[in-house]
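Colleague: Can you pull this one up and go through it with me? I have a few questions.

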Amino acid sequence: MSGLTVLTIFVLAAFVGVEVVSKVSSTLHTPLMSGANAIHGIILVGAVTVTAHATSPVLLVLGALATLLATVNLVGGFVVTDRMLEMFSGRPRQRTEEPVGSERR
C-alpha cells in the first residue's frame, strides 16, 4: 500500500469513528468505555511484548512510543469513566444527628 492510501484510510476511519461515538447515548457510554478500557489494556500488553522483542533501535523507539501512547490512552479512559460514574451517582445524603443527651420521647 502506498502512503497516500494508508493516510486516506486513516482519515476516513477517524471520521467514521467520530460519527459512531457521537451517536452513542449517555446511558450506554459508561459500559462501552469499560469495554474499551479492557481492549486498551490488551493493546498495552501487546505494545510491551513487541518492544521486548525489538531487534533494531527503530523498532525499540516505535515500541516505546506505542507503549507510552497505549498507557496514556488506558489511563485517560479510566479517568473519563470515573468522571462519568460520578455524574450518574446521586448527591450524598446528609446525616442529621441529634445532639448528645437528647432523646426522643
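Colleague: Which helix is L74 in?

Modeller: L74 sits in helix α3. This is a predicted model, so every value I give is computed from predicted coordinates.

Colleague: Is L74 buried or exposed?

Modeller: L74 is buried, because its relative accessible area is 15% and the cut-off for buried is under 20%.

Colleague: What does L74 touch, apart from residues up to four places away in sequence?

Modeller: L74 touches N37, H40, G41 and L44.

Colleague: Take N37 from that list. How far is L74 from N37, in sequence and in space?

Modeller: L74 and N37 are 37 residues apart in sequence, and their C-alpha atoms are 6.0 Å apart.

Colleague: Where does N37 lie?

Modeller: In helix α2, which covers residues 26-52. N37 is buried, with a relative accessible area of 4%.

Colleague: And what is N37 in contact with, leaving aside neighbours within four places in sequence?

Modeller: L74, G77, F78 and T81.

Colleague: G77 is in there. How far is S34 from G77?

Modeller: The C-alpha distance between S34 and G77 is 8.2 Å, with their positions 43 residues apart in sequence. S34 lies in helix α2. S34 is partly exposed, with a relative accessible area of 40%.

Colleague: Let's move along to T51. Which helix, and is T51 buried or exposed?

Modeller: T51 is in helix α2. T51 is buried, since its relative accessible area is 17% and that is under the 20% cut-off.

Colleague: Which side chain makes a polar contact with T51?

Modeller: The side chain of T67 does, at 3.5 Å. T67 is also one of the residues in contact with T51 once neighbours within four places in sequence are left aside. The others listed are L60, G63 and A64.

Colleague: Different topic, the surface. Which residues form a nonpolar patch?

Modeller: V58, L59, L62, L65, L68, L69 and V72. Together they have about 680 Å² of accessible area.

Colleague: Where is V58, and is V58 buried or exposed?

Modeller: V58 is in helix α3, which covers residues 57-88. V58 counts as exposed, because its relative accessibility is 57% and exposed means over 50%.

Colleague: How much area does the protein chain expose in total?

Modeller: About 9,000 Å². Carbon and sulfur atoms supply 70% of that area.

Colleague: And how much of the chain is buried?

Modeller: Buried residues make up 12% of the 105 residues in the protein chain.

Colleague: How many salt bridges are there in the whole structure?

Modeller: A search of the whole structure gives 1 salt bridge. E19 pairs with K23, and their closest N and O atoms are 3.6 Å apart.

Colleague: How accessible are E19 and K23?

Modeller: E19 is partly exposed, with a relative accessible area of 45%. K23 counts as exposed, at 65% relative accessibility.

Colleague: Back to the overall fold. How many helices and strands are there?

Modeller: The protein chain has 3 helices and 0 strands. From the N terminus on, the elements run α-α-α.

Colleague: What share of the contacts join residues at least 24 apart?

Modeller: 64%, counting contacts in the protein chain between residues at least 6 apart in sequence.

Colleague: Last topic, confidence. What is the mean pLDDT?

Modeller: The mean pLDDT of the protein chain is 81, and 81% of its residues reach 70 or more.

Colleague: Where is confidence lowest, and where is it highest?

Modeller: Among the elements of the protein chain, α2 is lowest, at a mean of 82. Helix α1, residues 3-22, is highest, at 87.

Colleague: Any general caution?

Modeller: Where pLDDT is low, the predicted coordinates should not be read in detail.

Terms used: Residues are numbered from 1 along each chain as its sequence is written. This is a predicted model: local features need pLDDT of at least 70, side-chain atom pairs count only at pLDDT 80 or more; totals for chains, interfaces and linings use all residues. Side-chain values use heavy atoms; hydrogens and water are left out. Helices (H or I, at least four residues) and strands (E, at least two) are DSSP runs, numbered from the N terminus. Buried means under 20% relative accessible area, exposed over 50%, partly exposed in between (1.4 Å probe, protein chains only). Contact means heavy atoms within 4.5 Å. A polar contact is a pair of N or O atoms within 3.5 Å; within protein, one must be able to donate a hydrogen and the other to accept it, and residues adjacent in sequence count only if both atoms are side-chain atoms. Patches are made of residues with over 30% relative accessible area and no salt bridge: like charges are joined within 9 Å, nonpolar side chains (Val, Leu, Ile, Met, Phe, Trp, Tyr) within 5 Å. Accessible areas come from the Shrake-Rupley method with a 1.4 Å probe; for residues, only the protein chains shown count as cover. A salt bridge is a side-chain nitrogen of Lys or Arg within 4 Å of a carboxyl oxygen of Asp or Glu. pLDDT is the predictor's confidence in each residue, from 0 to 100.
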